[in-house]
Amino acid sequence: MRFDQIIGNRDAVRALEGMAASGRIPHAMMLYENDGCGAVALVMAFLSEVFKDEHKVSGLIHPDVHYVYPVANGSKENEKVENLRAELFLGYWRELIKANPYALESEVSSAFGVEGKQTGINNAEAKEILETVYLSSVEGGYKAVVVYLPEKMNTAAANRLLKAIEEPPEKTLFLMITHAPEKVMQTISSRCQAIRVPPCSKEEIQEVLVSSFGKSSEEAAQAALVAGGSVGVALQYLSGKEEYQEQVGIFRNLMEALSSRDLTAALACGEEMASLGSREKQKAFCKFAGESLRKIFLLQQGLPQIAGISSEESDFLSSLSGRCRKNFPRLALSYIDRAAMLIDRNVNQKILFCDLVGRMYLSF
């Protein structure tokens, strides 16, 4: 991956390219993005420039680039492993990211076989990182640690890494990719140069899908409308329309139940949400519902041209925008954001989604 292969995110590309060219590189950076918007691709392009070796960096085989990500004992680790570390899953990570650097968080969990499990970055991982960064680099240049989702690092691990992030060994870089910067420990985030990776435009998503993944123009245009600025979501839509249709079905049934004031049917939709296969799927539904509510809000404001509504959802969303209260999308979105936060905190899903449906019912 090279900078000239990155489509979109021009401000982030210019910033990173300037750092690599000048040699004035912050020792710790945090790229924050919406899931699947391209931060991993940016990091790979940046490291290819820093290490002057695109083949090894893009192949995820450079000996001085180390990857850390949340893991858990799961189906691809047959026995329970104490002090589980990321390196045990490196083969799965390498295979996934080489094929799709825009992979979603849920796809990473699926690749590791840990869907539905509480993943994290533990103290043993932090100890391993420290032992690594204080060794000399294999090729005599920089060493880099890429931390994917530092918000899932536990307190002990974060505290253990704090000194190294604040005052790292010479030519050592920490690059963090987060989807929830507000959840990263303040002591860690305050020591990192923050770089925002914004959502892509529909045109940029179409270009990526056509040029990098071989999709047809028609497929790319349709996927870009439902992607919410995320190439990863667009790819997931094209590769697994069954999951997307399941989300559409639950959301439509819920909205129809709320519109007809049928609390029993609405609660049944809450049961469906709770029965989705994993936390990642539940959070993915929350993201989909939030994006749909954004479209309803824009329709209510008379701004369909910027809502990004596909032909298959146009009639339903237009009808719904006229049936609900003007403040319903805003209120419902706050309830959904709260539900997504509670999913991460391992709250009982049936209680959580029953509460969500009840709040939405009273607000409709």
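V146 stands opposite L175 in β4, a good place to enter this predicted model. From that pair the picture widens to an open sheet of five strands, ordered β2-β3-β4-β1-β5 with parallel pairing. Two pockets follow, the largest holding about 1400 Å³ of space and the second largest about 290 Å³. Helix α11 and residue K281 in helix α14 round off the tour, with seven of the nine α11 residues buried.

**The sheet as a whole**

- Reading across the sheet, the strand order is β2-β3-β4-β1-β5, and the strands pair in parallel.
- The edges are β2 and β5 (193–197), each of which pairs on one side only.
- On average, neighbouring strands of this sheet are turned by 20 degrees against each other, with direction ignored.
- As general background, strands of a sheet pair through backbone hydrogen bonds, either parallel or antiparallel.

**Strand-to-strand bridges**

- Starting from the β2 edge, four bridges join β2 to β3, and the two strands run parallel.
- Within that pairing, H66 stands opposite V145 in β3.
- Moving on, β3 and β4 pair in the parallel sense over six bridges.
- V145 faces a partner here too, standing opposite F174 in β4, while V146 is set against L175 of β4.
- Next, β1 and strand β4 (residues 172–178) run parallel and are joined by five bridges.
- M30 has M176 as its bridge partner in β4, and Y32 has T178.

**How covered are β3 and β4?**

- Strand β3 (residues 143–148) is mostly covered, with six of its six residues buried.
- K143, V145 and V147 point one way from β3, A144, V146 and Y148 point the other way, and all are buried.
- β4 is mostly covered as well: seven of its seven residues are buried.
- From β4, T172, F174, M176 and T178 point one way and L173, L175 and I177 the other, and again all are buried.
- This pattern fits a general rule: in a regular strand the side chains alternate between the two faces of the sheet.

**The largest pocket**

- About 1400 Å³ of space lies in this pocket.
- Its lining is made up of 47 residues, and D35, K283, A284, K287 and A340 lie nearest the centre.
- The elements giving two or more residues to this lining are β1 (28–33), α5 (105–112), α11, α12 (241–259), α14 (279–300) and α16 (328–344).
- Of these, α14 gives the most to the lining, with 11 residues.
- By class, the lining of the largest pocket divides into 16 nonpolar, 12 polar and 19 charged residues.

**The second largest pocket**

- This pocket has a volume of about 290 Å³.
- It is lined by 19 residues, of which V65, H66, Y67, E87 and L90 lie nearest its centre.
- β2 (65–68), α4 (90–99) and α6 (123–133) each supply at least two residues of the lining.
- Its lining has 11 nonpolar, three polar and five charged residues.
- H66 links two topics: besides lying among the residues nearest the centre of this pocket, H66 stands opposite V145 in β3.

**Helix α11**

- Because seven of the nine residues of α11 (residues 231–239) are buried, the helix is largely enclosed by the rest of the structure.
- Those buried residues are V231, G232, A234, L235, Q236, Y237 and L238.
- At the N-terminal end, S230 caps α11, with a side-chain oxygen 3.3 Å from the backbone nitrogen of G232.
- G232 therefore appears twice, since G232 is one of the buried residues of this largely enclosed helix as well as the residue whose backbone nitrogen S230 caps.
- α11 also gives two or more residues to the lining of the largest pocket.

**K281 in helix α14**

- K281 is found in helix α14, the element that gives the most to the lining of the largest pocket.
- With a relative accessible area of 38%, K281 falls between the 20% limit for buried and the 50% limit for exposed, so K281 is partly exposed.
- K281 and Q247 are 34 residues apart in sequence, and their C-alpha atoms are 9.3 Å apart in space.

Notes
Residues numbered from 1 in each chain as written. Predicted model: local features only at pLDDT ≥ 70, side-chain atom pairs only at ≥ 80, totals over all residues. Heavy atoms only, no water. Buried < 20%, exposed > 50% of the residue type's maximum accessible area, 1.4 Å probe, protein only. Polar contact = N/O pair within 3.5 Å; in protein donor to acceptor, adjacent residues only side chain to side chain. 1 Å grid on protein atoms, 1.4 Å probe; cavity = no way out; pocket = protein on both sides within 12 Å on 5 of 7 lines; lining within 4 Å. Points joined across faces, edges and corners; volume = space filled by probe spheres on them. Nonpolar A, V, L, I, M, F, W, Y, C, P; charged D, E, K, R; others polar. Pairing = 2+ DSSP bridges. Axes fitted to C-alpha atoms, helices over the stretch in contact; angles between N-to-C directions.
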